[in-house]
Amino acid sequence: MDSSNTPTLVERLDALYEYDREPVKEDKLYGWSTFIAMFASEHIAGTEFVLGTLLVLHGVTAFDVFAGLALGNLLAVLSWAFMCAPIAVKERLTVYWQIRKIAGPYLTVLYSGLFAIILCLLAGSMVNVSTTAVSLTMGIPSPNYAAGETVPSIPWILVAVGVGTVIAVLAVLGFERLTHFAKVVAPWMPFVFLAGAIASLPSLGVTNLSQFWDVANEKIWTGEAHEGHMQYGFWSCVGLAWLCNICQHMGMGDVTIFRYARKWQMGFCSAFGMFLGHYMAWICSGILCAAFVHTRLAAGDMSPNPTPANIAMLGAGYAGIVCVLLAGWTTANPTLYRAGLAFQVATPNWRRWIVTLIAGVVMIITACIPAVLHYLDRIVAYYGLFFMPLGAFIFIDFWLFPRLGLVQNYAERKGLLASWPAAVGWFGSFAICFLLYAKDNYESLGWINDRLPAMLAKYHADLFSQVLPAWVIAVTLYTVCSLVQQRLSPTVLSSEVQQ
Amino acid sequence: MTKNSHFFLRLVSYSGLAISFLPALLVFQGMMAKETYFQLLLVGMLLWFGTAIFWIKPDDLGG
């Protein structure tokens, strides 16, 4: 595969990102406060109302939540600080260009297209969250997936289509103003989460702090999964907190953000997003969920439906409803916008607004599938496991390859359209980790156990504990294959690096 | 925007945040009814959004 035959598709998609192909200049760098504000706003989203609730429904204990989430979020912060930010400030390039250098343009197009699809799913889940708020104020009940309602009612679908259409149109019109509005919303939301949780504690029987831990174990994080939910534990909490943003830290997605940082130490600003959004907010939404379920059971409702709107209404009244609506809306919009950008990589001839509208249609359809919220934690985990390897290759290419005597950015230097070591490492690591999980969790794949060596057959993987194995397998495959590739093809590299 | 008006806007915004949180502590202590707390949360929300939009500046990190 030679760059002299580069098809126009590659040229066109490069042109799409032309404006940010140069490293960020010194005078464009930002300081600590910008990154603190950015992380605090980006990681308190509508989905926090869902993930904190899911941990309660999956039967974790109070220790699992408080200690597991603390460890998982700490690992996430360290991943940002020691893996993502140092490369970002040294290279000062977007993740698009970093992946393109090591994997070649074809794999980058594939990455972008698949990434756009998962972004549409996530944007859909956020629309779903906002729709629960609007539908509650209109007296339309949200579907209760756990109680078997797999399809929403027609009025609920109409509300979801309305909310999704507004979000899609705003994304088409440009989201700069909304990004500013999201920044304004961000400091207010943690207060609503915290206030709602504190005000709900008396309904669980907590009237002073000394009672909290006992009640937390007896009524909130009871250690028993609710019907229709798998049992989670300590490592599930660690894994979920670490995995849910793995594309951004170990997957290097946030090099695009940190290329504007003055110092790599600004990677520690991620702590404000993690410990406000994925610690405090998850714990608060767990308390709100338990208070709602407890209240509804006491009122004789035997299948309570702890939707984001229902739990926020109980804890914070109409301010809580506004919080749910805005939390979903302000994060769905930039997510959809990025999905449109990512889709456009695969369709460079299409107009931006058409691509964004198509992404909007996928988002709206996703929003109308109650299973998306029910399985959001697992969707997030698959998303992390699948997209993380390419970022892992950036890390290895940057730090390890020079020490092994391997050529960095080999695909770019050789003008390859696709790097086969990257393809093997990417799909190989995901396939191995998925099959090791699926063999025990999907009946149709149970036969795999019969064909595996006893040691692997006995290995029962939790999806959330696959982060490290996936990373290790990915970088091992990539490094070994790169050794083979560069030894088999030791041609003199052009001194002119293709830009 | 003058320095004084900027200070005043920030003061009102932070008051809004305080009103969005402190009443919850009173509900927890049993010193305030939940209905009153809900109304105060709405007041806090209006104070915050009515003023913070004018002094929180947008940025562009190219994300």
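# Helix 5 meets helix 14

Let's start inside chain A, where helix 5 (residues 95-137) and helix 14 (residues 352-367) pack at an angle of about 55°, with their axes 7 Å apart. Helices here are DSSP runs of H or I with at least four residues, strands are runs of E with at least two, and both are numbered from the N terminus. The axes are lines fitted to C-alpha atoms, for helices over the stretch in contact, and angles run from 0 to 180 degrees between N-to-C directions. Helix 5 of chain A and helix 14 of chain A are therefore oblique to each other (under 35 degrees counts as roughly parallel, over 145 as roughly antiparallel, 65 to 115 as roughly perpendicular, and the rest as oblique). Their crossing is right-handed, a label used if the near helix is turned clockwise from the far one by less than a right angle, with left-handed used if anticlockwise.

Who touches whom? From helix 5 of chain A, residues including A:Ala116, A:Cys120 and A:Val127 meet residues of helix 14 of chain A, among them A:Ala359, A:Val362 and A:Met363. Two residues are in contact if their C-beta atoms, placed from the backbone, lie within 7 Å. By class, this contact of helix 5 with helix 14 of chain A has 10 nonpolar, 4 polar and no charged residues. Nonpolar covers Ala, Val, Leu, Ile, Met, Phe, Trp, Tyr, Cys and Pro; charged covers Asp, Glu, Lys and Arg; the others, Gly among them, are polar.

# How far to trust the model

This is a predicted model: local features need pLDDT of at least 70, side-chain atom pairs count only at pLDDT 80 or more, and totals for chains, interfaces and linings use all residues. Residues are numbered from 1 along each chain as its sequence is written, while chains are lettered from A and ligands numbered from 1 in the order in which they are written.

The model scores ipTM 0.93 and pTM 0.86. Chain A averages a pLDDT (the predictor's confidence in each residue, from 0 to 100) of 87, and 92% of its residues score at least 70. Chain B averages 90, with 92% of the residues at 70 or above. One stretch to read with care is residues 494-499 of chain A, where pLDDT stays under 50 and the model has 6 contacts beyond four places in sequence.

# Two more helix pairs in chain A

Next come helix 16 (residues 376-399) and helix 22 (residues 467-488) of chain A, whose axes come within 9 Å and cross at roughly 50°. That makes helix 16 of chain A oblique to helix 22 of chain A, and the crossing is right-handed. On the helix 16 side, A:Leu385, A:Met388 and A:Phe393 are among the residues that meet helix 22, whose own residues include A:Trp471, A:Val475 and A:Tyr478. The residues of this contact of helix 16 with helix 22 of chain A divide into 11 nonpolar, 1 polar and no charged.

The axes of helix 4 (residues 62-91) and helix 10 of chain A come within 7 Å and cross at roughly 35°. Here too helix 4 of chain A passes helix 10 of chain A in a right-handed crossing. A:Asp64, A:Leu71 and A:Asn73 are among the helix 4 residues that meet helix 10, with A:Phe234 and A:Trp242 among their partners. This contact of helix 4 with helix 10 of chain A has 12 nonpolar, 4 polar and 1 charged residues.

# Where chain B comes in

How many residues of chain B are in contact with chain A? There are 24, and they touch 26 residues of chain A. The elements of chain B giving two or more residues to its side are helix 1 (3-28) and helix 2 (34-55). Helix 2 of chain B gives the most, with 10 residues. The residues of the side of chain B that touches chain A divide into 18 nonpolar, 4 polar and 2 charged.

A:Leu194, in helix 8 (residues 188-200) of chain A, has a chain B partner. Leaving aside neighbours within four places in sequence, A:Leu194 is in contact with A:Met280, A:Cys284 and B:Phe21. A:Leu194 is buried, with 22 other C-beta atoms within 10 Å (buried means 20 or more other C-beta atoms within 10 Å, exposed 12 or fewer, partly exposed in between, with C-beta atoms placed from the backbone).

# Some residues to look up

A:Met252 has a positive phi of about 70° although it is not a glycine. A:Met252 sits in the loop between helix 10 (234-243) and helix 11 (255-258) of chain A, and counts as buried with 26 C-beta neighbours inside 10 Å. A:Asn409, with phi near 50°, lies in the loop between helix 17 (401-404) and helix 18 (410-414) of chain A.
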